[in-house]
Amino acid sequence: MTHTQSKRAAAAAAPTGTGGQHDGALTVSTDGLPAWLEPVARAARTVRAGQLSRFLPPESGAGRQSAVLILFGEGERGPELLLMERSGTLRSHAGQPSFPGGSLDPEDGDHTTTGPLRAALREAEEETGLDPNGVQLFGVLPRLYIPVSSFVVTPVLGWWRKPSPVGAVDPAETARVFTATVADLTDPANRVTVVHPSGHPGPAFFVESALVWGFTAGVIDRIVHYAGWERPWDRTRQVPLDWRA
């Protein structure tokens with residue numbers, strides 16, 4: 001999805017502006033966001049795919065259309081982000097911390113408009129037990145690409161307006177569900193550069209007994225940067241990934 005297409009998706013879900021309705025409860029709105037989330041919403045309106053990742057969807061249109069929910073909430077320790085750890089038995093991205101999400105189903109609809117919004121909420125509910133009615137969608141980032149699994153991913157931004165209990169719904173798919181505070185994610189002590197066995201380096205975070213790396217860490221890194229939350233950290237501090245990663 002180009003950034004124009006991303007904005008079209010949000011516009012289709014909110015045709016009357018920040019509080020518009022589409023498809024019943026499906027809504028994209030920036031109304032009532034907490035002040036600390038406003039920098040993320042602003043960045044989402046202008047950021048381009050190439051500013052988020054060097055891996056962009058094939059121009060041929062090939063790839064598996066998918067979506068992830070980047071859900072911000074506010075817990076006892078302040079602003080936080082919902083993450084999950086994938087089961088170690090899965091065929092792709094086994095054992096990795098990730099955002100809730102997955103492939104678009106036919107019933108989700110057009111991947112250039114509201115399909116990713118619906119898929120992000122549906123997958124989050126299926127994987128974590130999240131109640132979608134408590135989520136306010138407030139933005140859509142440009143489509144990105146995960147070469148190892150051929151996923152074309154639309155990141156959908158959400159505000160956890162009414163938190164609901166979450167946990168691993170199916171242990172065969174999800175090992176655990178957890179939240180990482182923005183304070184921990186931006187703490188220089190928790191930031192490292194991981195080096196994949198292929199030699200490719202990338203940003204990573206040590207949070208909640210997990211090493212968050214790969215696509216998820218890359219998106220978090222760019223959100224933190226463009227929201228103005230980034231603090232100077234030692235990019236020369238490297239951690240090698242296990243050969244099975």
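These questions and answers cover a helix, some salt bridges and two cavities in a predicted model.

Q: What makes R122 and D108 a salt bridge?
A: The cut-off is a Lys or Arg side-chain nitrogen within 4 Å of an Asp or Glu carboxyl oxygen. The side chains of R122 and D108 meet at 2.7 Å, N to O. That is within 4 Å, so the pair counts as a salt bridge. R122 sits in helix α4, and D108 in the loop between β4 (101-103) and α4, 14 residues apart.

Q: Why is R122 called buried?
A: Buried means under 20% relative accessible area. R122 has 15%, so the label fits.

Q: How do you know whether D108 is buried or exposed?
A: The relative accessibility of D108 is 1%. The limit for buried is under 20%, so D108 is buried.

Q: What makes α4 a mostly covered helix?
A: Eleven of its 14 residues are buried. Among them are L117, A120, L121, R122 and E123.

Q: How do you know that the length of α4 is close to what is expected?
A: Helix α4 covers residues 115-128 and has 14 residues. Its span from first C-alpha to last is 20 Å. The expected span, at 1.5 Å a residue, is 20 Å. The two values agree closely. After the helix comes G129, with a positive phi near 80°.

Q: Why does the D221 and R191 pair count as a salt bridge, and what does the pair tie together?
A: The side chains of D221 and R191 meet at 2.5 Å, N to O. The cut-off is within 4 Å, so this is a salt bridge. D221 belongs to helix α6 (residues 214-226) and R191 to strand β9 (residues 191-195), so the pair ties together parts 30 residues apart in sequence.

Q: Why are D221 and R191 called buried?
A: D221 has 6% relative accessibility. R191 has 1%. Buried means under 20%, so the label fits D221 and R191.

Q: Why is E230 called partly exposed?
A: Partly exposed lies between the limits of 20% and 50%. E230 has a relative accessible area of 24%, so it falls in that range. Its salt-bridge partner is R235, with the closest N and O atoms 3.0 Å apart. R235, at 46%, is also partly exposed.

Q: Which residues do salt bridges with shared partners join into one network?
A: D105, D108, R122, E123 and E126. The structure holds ten salt bridges.

Q: How many cavities of 30 Å³ or more does a search of the whole structure find?
A: Two. The largest holds about 70 Å³ of space. The second largest has a volume of about 50 Å³.

Q: What makes up the lining of the largest cavity, by class?
A: Nine nonpolar residues, no polar and one charged. Arg counts as charged, so R222 is the charged one. Other lining residues include V40, L141, L157 and Y226. Helices α2 (38-46) and α6 each supply at least two lining residues.

Q: What makes up the lining of the second largest cavity, by class?
A: Eight nonpolar residues, one polar and no charged. Thr is outside the nonpolar and charged lists, so T186 is the polar one. F72, L81 and W229 are among the other lining residues. α5 (182-185) and α6 each supply at least two. The largest share, three residues, comes from α6.

How values were computed: Residues are numbered from 1 along each chain as its sequence is written. Side-chain values use heavy atoms; hydrogens and water are left out. Helices (H or I, at least four residues) and strands (E, at least two) are DSSP runs, numbered from the N terminus. The expected span of a helix is 1.5 Å times one less than its number of residues. Buried means under 20% relative accessible area, exposed over 50%, partly exposed in between (1.4 Å probe, protein chains only). On a 1 Å grid over the protein atoms alone, a cavity is a set of points where a 1.4 Å probe fits but cannot get out, and a pocket is an open set with protein on both sides within 12 Å along at least five of seven lines; lining residues have an atom within 4 Å of a point. Grid points are joined across faces, edges and corners, and a volume is the space filled by probe spheres set on the points.
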